[in-house]
Every structure is written in C-alpha cells, then in structure tokens.
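Reader: I've got a model open and I'd like to learn how to read it feature by feature. Can we walk through it together?

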Amino acid sequence: MYVSDCISANERGHLTIGSYDTVELAKKYGTPLYAYDENEIRKNLKEFKKSIDDEYGGNGLVVYASKAFCCKEMMRVCMQEGVGVDVVSGGELYTALSVDFPTENIVFHGNNKTYDELVMAVENNVGRVIVDNLTELETLNTIAAEKGVKIGIMLRIKPGIDAHTHSFIKTGQIDSKFGFALETGEALDAIKEAIAMSNVELRGLHCHIGSQIFDLDPFELAATVMLDLFKQVKDETGYELKELNLGGGFGIKYLKSDRPRAFSDYMRKVSAAVNSYSKDLGLECPFILIEPGRSVVGAAGITLYTVGCVKDIPDVRTYVSVDGGMGDNPRYALYQSAYEVICANKAGDKREWTVTVAGKCCESGDLIQEWTRLQPVEPGDILAVLSTGAYNYSMASNYNRIPRLPVIFVKNGKAREVIKRETYDQLIECDI
Ligand code: LLP
C-alpha cells in the first residue's frame with residue numbers, strides 16, 4: 001500500500017513504521033524526528049550479503065556507503081551484520097573507529113582527501129584507500145613509506161558510462177571530478193605507477209556509475225569495461241588485479257510509480273557477466289565489492305513533522321507548513337526529489353487535497369514537496385514523509401540555527417534514540 005514495506009497503518013488509522021505507531025513516536029520524542037525500522041535495514045544488508053554468497057560463492061564484500069546515513073549505531077549494525085563500510089571523510093572514518101570497526105573492512109573514498117585524512121587512514125591501517133588522483137597516490141605512498149608500512153589501495157576509474165540518472169549524481173562519465181579517466185589512458189598510466197610503488201599494495205579497481213539507477217544494463221556494462229581493463233593491465237604488465245569494486249547506486253522507491261529492481265536481480269545479472277566474462281578473458285574471477293547506500297537505508301526511514309499552519313491562497317495553492325524543512329531534508333531544493341507525504345494521524349482518510357508542504361526556513365525554496373496529494377490537515381496534525389532514510393540526516397544543516405533532529409530506531413515494538421536531538425547549547429558550543 002505504501003512505498004516502503006515497513007510502513008503500514010494500524011486500527012487507529014495511524015501510520016506505523018516497523019509496526020510502531022508513528023503518532024506515539026511523535027508524542028514520545030517530539031517532532032521533527034527521523035525514524036528507522038532497524039529490521040528493514042538489517043534485512044537489506046542480509047539480502048546484499050546473501051547475494052554475494054549465492055552469486056560469487058562468498059568471494060566478495062558488501063560495503064555499506066555510510067554517506068547515506070552515518071552514526072555510531074549504524075556502524076555497529078553493519079559490524080553485527082558482517083558487512084564493511086565505505087567512508088568518505090575523516091569524520092565518517094572517525095565514527096567507524098569510535099565503535100572499533102574492523103579496519104580491514106573499511107573502504108576510504110574521496111576525490112580530495114586531505115593530508116591529515118590520509119595519515120589517519122595509514123595510521124589505522126584502513127583496508128582499502130580508494131585513490132582518486134595521482135597527487136593522492138604519491139602522497140599516500142610517501143606517508144606509508146615514512147611510517148614503514150604498506151597500505152592497501154584500489155584506484156577509482158571512470159568507466160565512461162551514462163547511467164541515465166539525475167545529472168547532479170552521475171559520476172561515471174568522463175566529465176566528472178571523481179577518479180581516473182579510461183579513454184585518455186590516464187587510468188592505465190596511474191595503475192602502472194601504483195604497481196611500481198613500494199608502499200602501496202594495488203588490490204584492484206573501483207567504479208561507481210551514479211545513484212538511484214533502475215536500469216541493470218549500465219551496471220553490467222561497467223563490470224565488463226572494468227574487466228577489459230584488468231585484462232589490459234595483465235597483458236601489459238603481467239600484474240593480476242585481484243579485486244573489483246562495482247560501487248553502489250541501486251534505485252529505491254520514492255513514489256508508487258517507481259519500479260526498482262530487486263537486489264537479487266542486479267546481483268544475478270552482474271555476477272553472470274562478471275563470472276563468464278572473466279573466464280572468457282582468461283582471468284581469475286576477482287573478489288567483488290559493492291557499495292550500496294541508499295538501497296540499505298532509504299526506504300527504511302521516514303521523517304515526522306507537526307503541521308504548524310495551513311495557508312490557502314485561492315486560485316494559487318495551499319501551503320502546509322511543518323516544523324522542519326530544508327535543514328533536515330535539502331533534497332527537494334537540490335534535486336526536486338519526489339516523496340510521498342501522509343498525514344500520520346489520518347492515515348486511513350482519503351488524500352483529497354493537493355498541497356505544497358513547506359518548511360520553516362527563511363527561504364522560498366524551502367519546500368519538501370509541491371503539488372502532492374494529502375489528507376485534509378490542520379495545525380497539530382502529524383505529517384510523515386516516506387523514504388527519507390538516505391541522504392537526509394547526512395545532508396542536514398543548521399540553516400537558521402535550527403537544531404538537528406533526533407534519530408529513532410524502532411525494532412520489534414520498541415523504540416530507542418540512536419542520535420539525540422541537538423540542543424541550543426550544542427548549537428553555540430563552537431562559538432567563541
Ligand atoms: N560508492 C560511491 C563511490 C559513491 O559515490 C556513492 C554515492 C555510493 C557508493 C552509494 O551510492 P547509493 O547506493 O547510495 O546510490 N546526495 C545524493 C546522492 C549522492 C550519491 C553520492 N555517492 C542524493 O541525495 O540523492
């Protein structure tokens with residue numbers, strides 16, 4: 001009935017997440033808040049992990065892209081589920097280290113890692129630094145040499161594939177700030193340079209072709225393009241790359257009309273190509289890494305707000321203003337992202353209004369959704385925006401000095417805070 005399996009309605013006509021009444025959640029913790037169904041997150045991680053086992057005989061690693069939603073408890077969940085994490089900054093790495101995440105299973109991304117971040121990666125023996133450019137490669141090798149160690153790396157390659165997604169989040173094509181270009185020979189030169197270095201161990205290559213992709217073909221194509229490069233490296237240098245990281249990007253359902261493919265479909269199709277094409281090329285099937293972010297947490301999370309005022313502008317539109325906005329969800333302002341909005345305390349009623357849901361920030365573009373269908377609402381009603389589990393908390397800001405929202409995990413009828421609501425004191429903590 002709803003875009004996400006973990007969302008339903010109970011006999012009181014209230015929306016539920018993981019069977020927990022969202023109106024009760026709003027009462028207990030106040031609004032606005034983010035809520036996640038922990039079982040849904042774990043189910044998704046298990047499914048990805050199982051497909052690595054089924055399709056690659058366990059010869060691979062699921063690495064959760066923590067940029068989608070990062071906090072200590074999410075890191076612990078990944079650890080408990082036996083998956084690795086992808087971090088993209090010193091801050092995300094620090095969060096992982098703070099819960100003693102096994103560093104062999106940490107993948108460190110970034111197109112412009114700072115010197116201090118690289119030192120942090122080397123000192124903590126991060127399993128794979130995904131090297132983006134030559135400056136980074138050389139700096140990393142020098143840092144590792146100074147410390148007398150060898151650090152595992154993969155090189156990020158732009159396979160030159162158009163994944164037909166929103167242009168802001170398309171990263172595989174040549175005009176991208178991420179990685180080494182294939183077409184220009186830059187990638188091969190960098191690989192040769194890395195092989196010759198004594199303090200980096202080139203474990204393999206990485207590519208990521210975009211985000212919120214529904215089509216399976218670009219993933220399959222990317223995998224074969226990468227294997228061609230494996231073969232070229234072997235032929236020209238004799239060096240056998242052992243690992244292939246295929247990135248993330250699997251689409252989720254934001255609207256009922258969205259048709260994401262099951263993870264298992266993706267895994268089956270891509271693994272068939274990887275297994276058979278590596279055989280054709282005379283290569284050992286590489287160890288496979290995948291980096292799902294959105295597909296792990298996106299549909300497992302929602303945001304709850306309280307309606308403050310309803311402004312009907314005759315013949316123009318009706319604004320329903322809530323107690324959050326672009327500070328906790330900048331994705332509509334940035335990408336015009338679609339969301340389903342539901343009145344949580346009137347979930348059983350018909351959605352017969354067409355409204356614009358606006359936030360409380362001093363900015364006309366502070367909108368959560370325009371021209372969306374909603375139950376008739378009044379001040380005090382609770383609104384739920386669905387599928388906000390990915391890139392909402394993690395992209396939040398303190399614009400207008402509005403404190404960040406708490407994050408609540410629900411599981412088996414119980415709710416617990418995993419991130420507390422920010423306080424006004426915390427807002428001014430760094431001020432001098
Ligand atoms: N691996 C790499 C190297 C990435 O750059 C990303 C996402 C992922 C994995 C995870 O992709 P996912 O499975 O979540 O699609 N802020 C945008 C999304 C930016 C994605 C950036 N990279 C949004 O809100 O839609």
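Reader: Let's start with a single residue: is Gly325 buried or exposed?

Author: Keep in mind that this is a predicted model. Gly325 counts as buried, because its relative accessibility is 1% and the cut-off for buried is under 20%.

Reader: Where does Gly325 sit along the chain?

Author: Look in the loop that runs between β15 (317-322) and α11 (331-335).

Reader: Which residues is Gly325 in contact with, leaving aside its neighbours within four places in sequence?

Author: You'll find Tyr305, Gly359, Asp366 and Ile368 there. Sequence distance and spatial distance are separate readings, too: Gly325 and Ala358 are 33 residues apart in sequence, with 6.6 Å between their C-alpha atoms.

Reader: OK, on to domains. Which parts of the chain make up each domain?

Author: The domain assignment puts 7-37 + 298-428 in domain 1, and 109-292 in domain 2. Taken over C-alpha atoms, the centres of domain 1 and domain 2 are 36 Å from each other.

Reader: How do I put a number on the interface?

Author: The size of an interface is often given as the accessible area lost when the parts come together. Here, domain 1 and domain 2 bury about 810 Å² between them, and carbon and sulfur atoms give 57% of that area. In terms of contacts, 11 residues of domain 1 touch eight residues of domain 2.

Reader: How many salt bridges does the rule find across the interface of domain 1 and domain 2?

Author: Just one salt bridge turns up across that interface. The rule also finds one residue pair in polar contact between domain 1 and domain 2, with both residues at pLDDT 80 or more. As for residue classes, the side of domain 1 that touches domain 2 has five nonpolar, three polar and three charged residues.

Reader: And salt bridges in general, what's the idea?

Author: Side chains of opposite charge can pair when their charged atoms come close. The structure holds 34 salt bridges. One of them joins Lys67 and Asp86, whose closest N and O atoms are 3.5 Å apart. That pair links distant parts of the chain, with Lys67 in the loop between β5 (60-65) and α3 (72-81) and Asp86 in strand β6 (residues 84-87), 19 residues apart.

Reader: What about accessibility for Lys67 and Asp86?

Author: Lys67 is partly exposed at 27% relative accessible area, whereas Asp86 is buried at 1%.

Reader: Which helices does the salt bridge between Asp217 and Lys269 tie together?

Author: The N to O distance in the pair of Asp217 and Lys269 is 3.2 Å. Asp217 belongs to helix α8 (residues 217-237) and Lys269 to helix α9 (residues 263-280), so the bridge ties together parts that are 52 residues apart in sequence. Asp217 is partly exposed at 41% relative accessibility, and Lys269 is partly exposed at 29%.

Reader: Any more pairs to look at?

Author: Try Lys256 and Glu340, whose side chains form a salt bridge at 3.8 Å, N to O. Then there's Glu240 with Lys234, at 4.0 Å, N to O. Glu240 is partly exposed with a relative accessible area of 35%, and Lys234 is partly exposed with 26%.

Reader: Which residues are joined into one network by salt bridges that share partners?

Author: That network takes in Glu38, Arg42, Lys46, Glu73, Arg76, Glu81, Lys411 and Arg416.

Terms used. Residues numbered from 1 in each chain as written. Predicted model: local features only at pLDDT ≥ 70, side-chain atom pairs only at ≥ 80, totals over all residues. Heavy atoms only, no water. Domains from an automatic or database assignment. Contact = heavy atoms within 4.5 Å. Buried area = accessible area lost by both parts, 1.4 Å probe. Polar contact = N/O pair within 3.5 Å; in protein donor to acceptor, adjacent residues only side chain to side chain. Nonpolar A, V, L, I, M, F, W, Y, C, P; charged D, E, K, R; others polar. Helix = DSSP H or I, 4+ residues; strand = E, 2+ residues; numbered from the N terminus. Buried < 20%, exposed > 50% of the residue type's maximum accessible area, 1.4 Å probe, protein only.
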